[in-house]
There are 2 protein chains.
Amino acid sequence: MNIYAVVMAGGAGTRFWPLSRTNCPKQFLNIIGQKTMIEQTLERIKPLCREEQIIIVGNEEQSIIQKELLGETRLVLLEEPHGRNTAPAIGLAAIYLRKKGIADSPMVVLPADHFINNEEEFRNILLTGCALAKEGSIVTIGIIPTRPETGYGYIRRGSVFNKIDNDKIKVYTVKKFVEKPNQKDALHYLKSGKYFWNSGIFIFTPNTILKEIEHHMPDIYKSLLKIENAMGQDHYSDVLRSVYQGLPSVSIDYGVMEKTSSPVLTIPGDFGWSDVGSWESLYNLRQEEMDNEKNLVQGNNLLLDSNSTFVFNQSTQTVVGLGLKDLVIVNVDDAILVADIKKSQDIKKVIEKIKAKGLHSIL
Amino acid sequence: MNIYAVVMAGGAGTRFWPLSRTNCPKQFLNIIGQKTMIEQTLERIKPLCREEQIIIVGNEEQSIIQKELLGETRLVLLEEPHGRNTAPAIGLAAIYLRKKGIADSPMVVLPADHFINNEEEFRNILLTGCALAKEGSIVTIGIIPTRPETGYGYIRRGSVFNKIDNDKIKVYTVKKFVEKPNQKDALHYLKSGKYFWNSGIFIFTPNTILKEIEHHMPDIYKSLLKIENAMGQDHYSDVLRSVYQGLPSVSIDYGVMEKTSSPVLTIPGDFGWSDVGSWESLYNLRQEEMDNEKNLVQGNNLLLDSNSTFVFNQSTQTVVGLGLKDLVIVNVDDAILVADIKKSQDIKKVIEKIKAKGLHSIL
């Protein structure tokens, strides 16, 4: 079975400011492990497909980093002139594959910036998903929740899908996709055992997903057809640019998954997943590197009478902490963030304020 | 009445690290107001004496800053080759004056790095003190305490000293000098109304203090005589250096004030005094500059959802705070301090740790 991987690398990545920047979002940072998150994503998938079967959909603005990353590889790079969320990006990859004559092979859609601990189990689940996708199913990977998280969308499973005979891997039908819940509902979802986190990992064939896009988002489909017709021709870039300019920003979840009447399957995974969505989430993932006071430190620094503090120092300056608790300190060339780590989700408010103050150079 | 001012400028000044450095201690910083603390000290005293009547006793290591400060003035600079606390420094100034034939004029000993709000009242008290000193008394300026401070020494007053006929300014005899108390004693001192903070401001004539030094610290006195004999001669620096090498480090409080059987007087002042002993103390002094959330900010910065936070940024970096409370953030060229402002007294522990780690370049 030929498997194609579509790595979604166009994210703006403001959550790790000031380390992440407009032209260098999270997926290009090595915030966990030696390699960047996208490199880890690529290595994780490589046992399943050859290099030329891996497509990176990225933002034109980040193309310098992406091309450096590609180097001498045979990876495919599809550049979007503008970020338009996941539906257009997945559509672009699907028409690219259809144009190449690969309309009925499974394509695995993977965010470029997720952390996965047990990679082998992850790949086993993908393989099961690919077999189902090849038969025409839309497959999503659900994550078995470990806390009442309100920051993720959820998948409400239906009944067990009987076709798969595998003790370890369970497959369910999807009853519905659920938007980010409030605290009370999140707790209910966690206790019920019937809800999984929506990981943003999907598997389908180009034909399957393009049919769905055609049905639920006919305007986007027409736009994609224009791009498909231009592929391989001189005016491709111009067409791509002008078509993208007019595309709406819409997620595949909202545009297809929540609306489709086709059967959708979900495979719940328990492979140590995180979307690494905040400094706090990164801190929690790196438990093993903490000292006895739960401090996690990187770069020149010196902490006294401090606990549960995360110092990420990229500068030659020495960062000195005294009497700190639950703080994250990030020091880069032109900016320093000092934040209550439990409020690190609010970094988007920081970004808004920086924009409002016109300090674009530090974004 | 000719008054001489002796400004004690040899302090090491570690309390405002990382802004204060070995070669640039607190007295040379403009942390409150536009001018440096020593400049403010000099201006405060200038209405009482001519420039050539002001003697700065400073550390040789800081002489570059001191000479820049002196500029074209007629201020006198006495350089100590090593810091040996206040007794040798005061002794050096006293023999300098005696050598000049000014042994019976009052000399006002002033720390270079204190804050005083009501300067006119301060000078009035000094004038009263000078009159008493000229008659042979040892005079200390006490500060009427406003809180049960454990970081200062105290002066236990005795009876009212009757010789002064002044409604506003009271003079007391001193019963004893008391070392830094514990919390319970400090509270008792505050409530009793009989204890004042020891400000480190003293007035006496050179003859008076040299007699005390001769009596209570005869070895130091002998050393001072050697220096006095060499004054004005070519080998002065060599003698000064070799004598200082062997001097003990001892304060005038411990060496003379706590031991003398001569009558000591104290004049309590209520002129808005602070020794500005920590980042917290500086923060509290600058109430008027705070915003509605009690944040005090200086330099490029952006605070969100934060209160009671003090940002002192000397760098071109932007300091961003999110969800902070009771923090001080100080950003300079080679180091950043992030500290619980209520623990800013513990900065000495930071200094020790920096030394232990061999990071001398940032001291």
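Trainee: What makes strand E6 (residues 138-143) of chain A count as mostly covered?

Mentor: Good place to start, and bear in mind that this is a predicted model. A residue is buried if 20 or more other C-beta atoms lie within 10 Å of its own. In E6(A), 6 of its 6 residues are buried, so the strand is mostly covered.

Trainee: How do you know which faces of E6(A) are covered?

Mentor: In a regular strand the side chains alternate between the two faces of the sheet. On one side of E6(A) sit Ile138(A), Thr140(A) and Gly142(A), and on the other Val139(A), Ile141(A) and Ile143(A). Residues on both sides are buried, and both faces are thus covered.

Trainee: What makes E10(A) a pairing partner of E6(A)?

Mentor: Two strands pair if there are at least two bridges between them. Strand E10 (residues 264-269) of chain A is joined to E6(A) by 6 bridges and runs parallel to it, so the condition is met. Ile141(A), for instance, stands opposite Ile267(A). Strand E9 (residues 195-204) of chain A also qualifies, with 4 bridges to E6(A) in the antiparallel sense. There, Gly142(A) has Asn198(A) as its bridge partner.

Trainee: Why is Glu119(A) called partly exposed?

Mentor: Count its neighbours: 15 other C-beta atoms lie within 10 Å of Glu119(A). Buried needs 20 or more and exposed needs 12 or fewer, so Glu119(A), with 15, falls in between. Glu119(A) belongs to helix H4 (residues 119-134) of chain A.

Trainee: How is chain A divided into domains, and how far apart are their centres?

Mentor: An automatic or database domain assignment gives the bounds: domain 1 covers 4-275 and domain 2 covers 280-362. Their C-alpha centres lie 30 Å apart. Across the boundary, 10 residues of domain 1 are in contact with 15 residues of domain 2. The domain 1 side of that contact comprises 6 nonpolar, 3 polar and 1 charged residues.

Trainee: How do you know how the two chains are related?

Mentor: Superpose chain B on chain A: the rotation is 179°, the shift along its axis 0.0 Å and the RMSD 0.1 Å. The two copies are therefore related as by a two-fold rotation axis. Both copies use the same surface, with 100% of the contact residues of chain B recurring in chain A. Val338(B) is the residue of chain B that comes closest to the axis, at 4.1 Å (C-alpha).

Trainee: Which parts of chain B touch chain A?

Mentor: Contact here takes C-beta atoms within 7 Å, and 30 residues of chain B are in contact with 30 residues of chain A. Strands E13, E15, E16 and E17 and helix H11 of chain B each supply at least two residues. E17(B) gives the most, with 6 residues. By type, the chain B side divides into 17 nonpolar, 5 polar and 8 charged residues.

Trainee: What makes E15(A) and E17(B) a pair across the two chains?

Mentor: The same bridge test applies: at least two are needed, and E15(A) and E17(B) have 5, in the parallel sense, so they pair. Gly321(A) has Val338(B) as its bridge partner there. This pair belongs to an open sheet of 6 strands, in the order E13(A)-E15(A)-E17(B)-E16(B)-E14(B)-E12(B).

Trainee: Why are E13(A) and E12(B) called edge strands?

Mentor: Because each pairs on one side only. Within the sheet, E16(B) and E17(B) pair in the antiparallel sense over 6 bridges, and H11(B) lies across E13 and E15 of chain A.

Definitions and conventions. Residues numbered from 1 in each chain as written. Chains lettered and ligands numbered in written order. Predicted model: local features only at pLDDT ≥ 70, side-chain atom pairs only at ≥ 80, totals over all residues. Contact = placed C-beta atoms within 7 Å. Nonpolar A, V, L, I, M, F, W, Y, C, P; charged D, E, K, R; others polar. Least-squares fit on C-alpha atoms with pLDDT ≥ 70 in both. Axes fitted to C-alpha atoms, helices over the stretch in contact; angles between N-to-C directions.
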